[in-house]
Structure formats: C-alpha cells, structure tokens
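Subject: Structure handover

Hello,

The structure is pasted below for your files. My notes on it follow.

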Amino acid sequence: MSSEQARGERDRPPPAAIAVDSLRVVRGGNEVLPGLSFSIPRGSITGLLGPSGSGKTTLIRAIAGVQIVASGSVSVLDEQAGDAGLRSRVGYVTQAPSVYSDLTAAENLRYFGRIVGAGSARIDEVIETVGLEDQRDQIVSTLSGGQRARVSLATSLLGEPEILLLDEPTVGLDPVLRAALWKTFEALAAAGTTLLISSHVMEEASHCQELILLREGGIIFSGSPAALREDTGRDDLEEAFLGLIEREAATA
Amino acid sequence: MSSSATLATAARVILQLRRDPRTVALVIVVPLVLIALLKGVFEGQPQSFNRIGGPLVGIFPLISMFLVTSITMLRERTSGTLERLMTLPLAKLDLLAGYGLAFAIVATIQGVVVAGVSFLLLDLQIAGSEIAMVGLAVLNALLGMALGLLASAFARTEFQAVQFMPAFILPQFLLCGLIVPTDQMAGVLEALSWILPMTWAYDALERVTVDGSLGSRGAIDVVVVLGATLGALALAALTLRRRTP
C-alpha cells in the first residue's frame, strides 16, 4: 500500500453505522417522512427526539428494515437495511413490549436465545443488565408495564447486536429505573454498540452524544446537546427545543 | 432452515398451550362430548352411529386445530412478536414447521384420546383399523393447522378469526360427503366439493370406516390432503412479511 493510499484511508471519516439518504415513507396515505438524510457514527448514542406523530417510530422501523419505504435508501453497517445478514447484527425494540405474555421472562429469553444463539450464561447476563433477577420466573402478563418493557429490551440484547434501535425504551419507567437504563446504554456505547434511542422527553437528550430533532417528518436540528444549547441560547433542553420550534414557525 | 429453531419454536408453542390448560381441555373434551351426544342421538341405530361417528373421529381434529392455530398465530401477529421474529435470523419455514410440529403433537394426543374413548367406551365400530383412523386424524389435524395459519393472515382481530371457522370450515363440512354423499349432490356442488380439501379427507376416513381399508383411491386421498397441507403452508409463508406498510 502506498503512503498516499494510507493517508487517504486515515483521512476518511470512520464509516457510518447508519446512513439515511432522501428517505421518503408514506403510511396510510400520509407522507410521514418526506425525504430525510442523515448519518449516525459508530459507537455513539444518538437521541431521536420530537413530539408524538413526528415520524420517530417510522424512521426507526425503516432503519430496522421492517418498513416499506417509498423511495430513498437506508444503509446499516454498509448493507441495505433489512438485509438477511443484518438480522443478527441489529437489535430492534418496539415501543410496545413484543414478548410472549403467557411465558415467564426467562422462558421468553430462552426461546429468543435459541434463535440468536445465546446460551444460559448470556441469558443470566441480560437479566442482570435490565435488573429483573427477582422477576425472571414470573409470567410476563403479571409484570408491571416497566418490567415488561425491560423483558423486551433484554430480549434484544441477547445476541449482542452491533446496533440497537430502541423506540421509547424509558416511557412509563420511574426516574430511578430510567437513570439505571441510561447507565446501561452508556456502557453499551462505551463497548462499541451504536444506539439510536427515540424519546419524546427532551430531558433525556442530555444523555446522548448526538441529537436528531424531528418535527412533522423533517429534521429541525441535528448535532450535540451542547450545540443545541449554543444554537438556541437556552440551557434547558426542553426550552431549547421549544425555542427551535418557535423559530421555525416565525420563519415559515 | 435450522432444526434447532424449529424445535425451539415447537417447544415454545407447547409451553404456551400448557399455560392454558382450559384450551387444551376443550380441544380434547369437546370432541368426546360430541361423539357421546351422537351416540345418544342414534340410540337404537348403531349402523348410523358407526357411519357418521367413524369419520367424525378424523374430522374433529381438523376443525379444532384450525381454530387453535388461527388464533395462536393471530396473537403472534397482534402482540408484535411476529414482527420481532421477522427481524431475527429465523427462517419463515422454521417458524411454520415449529407450529406444525407442536400442533401435530397436540393432534396426536387428541386423536388417541378421542379414538380410544369412541372405540373402547362408546362402542364405535368401523370396518378398518382403529390405528389407521388415528393416523388419518393426525393428518387432518395438520391440514387444519395449515389452513388456520393461512386464515390468520386475513384476520385483523380474534373476533374475525373465530368467524373464519364457519366461513372456511362449515361449507367444507356440508359438502364433504358426510351429510349427503357427494355423488348425490347437484353437479356444480359435486364438482365444487372436490376442490375442497376436507372432501378428500372425508373420503379416506369413509373408506377405512366402511370398506375397511384405504385402497388405491384412499391412498390418492391421503396424497391430496398432504399436498393441500403443504400448499396452504407455502401460501401462509407468503403472508409472513418481513416488511410491512
């Protein structure tokens, strides 16, 4: 390899974990995403924030490869979103817990574990990660909403995916648990996992390295929380977001 | 395809059924009660009881597996677990084969119990082998399961899924030859009846009940039932979408 080539490779930015280009999605006759483009670096926590109905879930579904898209492209780990090769590399947690409510937490994990190739040691690990040691043999339908959400999250952690797509993972959780989960997310990111986490609570934005603020299917801001504060001149992220929306409305 | 994922799915479905003993009891007890009722209805006409009761031992599993599978699969669709499975490294055929295996086991238990009680306690008499009847019952249960998996794709709610039972199954039950032999039906209906898989299933059951063995025509019946099962499974696999609107 010539020295020029080597320099060329060094100067190139690290490949994006997720790259979305002119993504357009129509659901139920409505254009939910009119044409989004952005990329997410590897090993980071990106917060996808915006009011309910802004297109967060649709965008996450498109990245997970379960959404039929009208046009544009979504590439994940340099493959087309939804490619068979990505199924063991991308974990997707829907907003509503998607686990079998008539099985126990451990039985759910054992079943999904056999599909992704995770053994009992790994199951114990993820149960500990989500703090469900005391509920592991409880039938899921008898768990609280927050506990159910954690079983669903634990399921997606089983295969140690390189990318985790989490749709409102902390909704309905108490503050203590929410803080614990964010610690978990930060540890996963530190270990190299790329996380894309949606939320409609701006306060959670402070945990993220990168933010994407969505409104009516369009990106109104992307950058770090610090940049958002600087851009809007407001310290409180909730107020900063509202300030952005006001500014948008004024220029429109 | 991977046998480990198929076995895991079958074990999971069985576990879910074990959590729901009332459904399992209904699947096994209801056919018994109906056969016992039939015995009472034909009090003094053992000939008629044998002619109708014999094939029914093999038709009940088709009906109950259709119902149980269509609802179980619909739950899988509405609970979001199907969508999750479709994002995982699981082949669609593994999922369907897992269902098939689980319900084949349930159907075997159902077939053995229903046949056992009918032949031993209710004095149901057929010309052919009782074991052949149980075998056909399991085969028909698999057909019911495959049709149920397919039907679940067209139901949005459990209410609709239950309505599919009369819609999919009752016409087949009326036309299969049990109530009136197919060759005594109006020409159009007779032709129509041989498009429906239950008619072939019934024909095989009737041959064992009355003739005493399947014969070459009965063997064709079995092949058609197997083919219809595989065809319905293939169509059901097409309705499992990894991407949805």
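A definition to begin with: axes are lines fitted to C-alpha atoms, for helices over the stretch in contact, and angles run from 0 to 180 degrees between N-to-C directions. Contact between two residues requires that their C-beta atoms, placed from the backbone, lie within 7 Å. Helices (H or I, at least four residues) and strands (E, at least two) are DSSP runs, numbered from the N terminus.

This is a predicted model, in which local features need pLDDT of at least 70 and side-chain atom pairs count only at pLDDT 80 or more, while totals for chains, interfaces and linings use all residues. Residues are numbered from 1 along each chain as its sequence is written, and chains are lettered from A and ligands numbered from 1 in the order in which they are written.

Chain A

Chain A contains eight helices and ten strands. Six strands make an open sheet of mixed pairing, ordered E6-E7-E8-E3-E9-E10 in chain A; two strands pair if DSSP finds at least two bridges between them. At the edges are strand E6 (90-93) and strand E10 (218-223) of chain A, each paired on one side only. From one strand to the next, the twist averages 15°.

Within the sheet, strand E3 (residues 45-49) and strand E8 (residues 194-199) of chain A run parallel and are joined by five bridges. A:Gly47 is opposite A:Ile197 in E8(A).

Two helices lie across these strands. Helix H5 (residues 145-157) of chain A crosses E6 and strand E7 (163-167) of chain A, at about 170° to E6(A). Helix H6 (residues 175-190) of chain A lies across E3, E7 and E8 of chain A, at about 150° to E8(A).

Core

The largest nonpolar core (buried Ala, Val, Leu, Ile, Met, Phe, Trp, Tyr and Cys residues joined through C-beta atoms within 7 Å) has 139 residues, and those with the most contacts inside it are A:Ile63, A:Leu165 and B:Ala146. Buried means that 20 or more other C-beta atoms lie within 10 Å of the residue's own. Helix H6 (residues 130-152) of chain B supplies the largest share of this core, 16 residues. Leaving aside residues up to four places away in sequence, A:Ile63 touches A:Ile18, A:Val74, A:Val76, A:Ala81, A:Leu165 and A:Leu196.

Interface

In all, 23 residues of chain A are in contact with 22 residues of chain B. On the chain A side, helix H3 (residues 105-116) of chain A gives the largest share, five residues.

Regards

Note on methods:
Buried ≥ 20, exposed ≤ 12 C-beta atoms within 10 Å, placed from the backbone.
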